[in-house]
Amino acid sequence: MRALVTGGCGFIGSHVVRGLIADGWEVTNLDRMTYAANPANVAEVADHPRYRFVEGDICDGQLVRELAAGADLVLNFAAETHVDRSLLEPGVFVRTDVEGVVTLLEAVREQPGTALVHMSTDEVFGSIPAPGEAAEDAPFAPSSPYAASKAAAELMVRAYAETYGMAVTVLRCCNVYGPNQHLEKFIPLFTMRALAGEPMPLYGDGLQEREWLFVEDFVDALRLVLRELPAAPGVHAVHIGSGERVANRRVAELICELLERPAELITPVADRPGHDRRYALDSSRLRARGWAPRRRFAEGLAETVAWYREHGEAWAQTANGDFARYFERQYGARLARR
Ligand code: DAU
């Protein structure tokens, strides 16, 4: 079986690429190599006979059509993913996360034998007050330009499914963490800052809750989904959540405990505008199909923190983009003002 994976040099995409290769798939990885890509993420499969890398953009219609033509499956992990960056440059998100998805839909529409699986997010629902959980048919209420771009992409998927009778699977996932995640994200950022003995910038009161899933558990969920891909026209939404919802402040404290650093490094700073308080997915449908995460958060966090302690510095050296510059733009004034 042949898969086209987009965004395969990013965090989740690279774990998926490696998982599919291990499962016997032939994989083409289409990646634009933005700041979020790191060639080290796919280094272990780079010379594999069933792996091919193509540098390119999911908005390039001709390229995407050519690559989709040879694939049984297109898996879309190419996206601008960071909420804070979407507040700085929303247009970039509309281009990749919405236009890019339309380009993929167009390509797959012309290939009736090709299935499309698109990665979405729990953020399309906005904040979910406790003790609620968002089911697959919950209404969209995105808060950030990032979340709105993902919701818009889902609406385009829906329109294509309705109009052209396409079957598209949409994965809505909670916060994924693990090795190879970009330093801009909460757990890697706080881990590297704690290791360096630098202030860890906690937004607002730190009582916002996120639902955390270890990346290998996500890949296992995807494996199950791929074994049972529905062919009936329509949008087939799958919720993938761990059920482990933890306040940010607690996550920061756990990181300090794991690294034996003082909790005083946790530094409250000005909140993220439009910051959702809580995400919570109802994943009971997927669980009824036989999936459950294998790692508890405490275990996965310890493994992740240990990975960054050992590899973080060297791995960050091979990443694209200028993280120091971004850090200054995002946190300079916040940390100076505290
Ligand atoms: O929920 C799924 C989503 O999770 C994905 O769709 C997004 O692509 C992914 O970026 C992630 O979004 P979040 O905004 O939840 O992740 P982030 O790591 O940016 O932040 C996690 C929480 O930590 C959030 O409540 C904001 C807070 N935070 C984050 C950073 C970077 C801080 O308090 N300080 C920080 O410096």
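The second largest cavity is lined by Val83, Glu123, Ser144, Arg210, Arg272, Pro273, Gly274, His275, Asp276 and Tyr279. A cavity here is a set of points, on a 1 Å grid over the protein atoms alone, where a 1.4 Å probe fits but cannot get out, and lining residues have an atom within 4 Å of a point. The model is a predicted one, in which local features need pLDDT of at least 70, side-chain atom pairs count only at pLDDT 80 or more, and totals for chains, interfaces and linings use all residues. Residues are numbered from 1 along each chain as its sequence is written, and side-chain values use heavy atoms, with hydrogens and water left out.

This second largest cavity comes out at about 50 Å³, a volume being the space filled by probe spheres set on the points, with grid points joined across faces, edges and corners. Its lining sorts into 3 nonpolar, 3 polar and 4 charged residues. For that count, Ala, Val, Leu, Ile, Met, Phe, Trp, Tyr, Cys and Pro are nonpolar, Asp, Glu, Lys and Arg are charged, and the others, Gly among them, are polar. Searching the whole structure turns up 3 cavities of 30 Å³ or more.

Next comes the ligand. It is surrounded by 25 residues (each with a heavy atom within 4 Å of it), and the closest are Asp122, Tyr146, Asn175, Arg272 and Tyr331. By class, this shell has 12 nonpolar, 6 polar and 7 charged residues. Three polar contacts (pairs of N or O atoms within 3.5 Å) can be picked out here. In one, a ligand oxygen atom sits 2.5 Å from an N or O atom in the side chain of Tyr146. Backbone atoms take part too: a polar one of Thr81 is 2.8 Å from an oxygen atom of the ligand, and a polar one of Phe186 is 2.9 Å from an oxygen atom of the ligand. On its own the ligand has 690 Å² of accessible area, and the protein covers 95% of that (Shrake-Rupley method, 1.4 Å probe). Two or more residues of the shell come from each of α3 (83-88), α6 (186-196) and β8 (200-203), where helices (H or I, at least four residues) and strands (E, at least two) are DSSP runs numbered from the N terminus.

Then there are the pockets, each an open set of points with protein on both sides within 12 Å along at least five of seven lines. The largest holds about 440 Å³ of space. Of its 18 lining residues, Leu183, Met192, Ala316, Phe323 and Ala324 lie nearest the centre. Helix α6 gives the most to this lining, with 5 residues, while α10 (297-317) and α11 (323-337) each supply at least two. The lining of the largest pocket has 11 nonpolar, 4 polar and 3 charged residues.

The second largest pocket has a volume of about 310 Å³. It has 16 lining residues, with Tyr35, Arg85, Glu89, Tyr326 and Arg329 nearest its centre. This time α11 gives the most, with 4 residues, and α3 and α4 (90-109) each bring at least two. The lining of the second largest pocket divides into 6 nonpolar, 4 polar and 6 charged residues.

Two backbone details round things off. Ala130 and Pro131 are joined by a cis peptide bond, with omega about 5°, and Pro131 belongs to the loop between β5 (115-121) and α5 (145-164). Met33, though not a glycine, has a positive phi of about 55°; this residue is in the loop between β2 (26-31) and β3 (51-55).

How values were computed. Polar contact = N/O pair within 3.5 Å; in protein donor to acceptor, adjacent residues only side chain to side chain.
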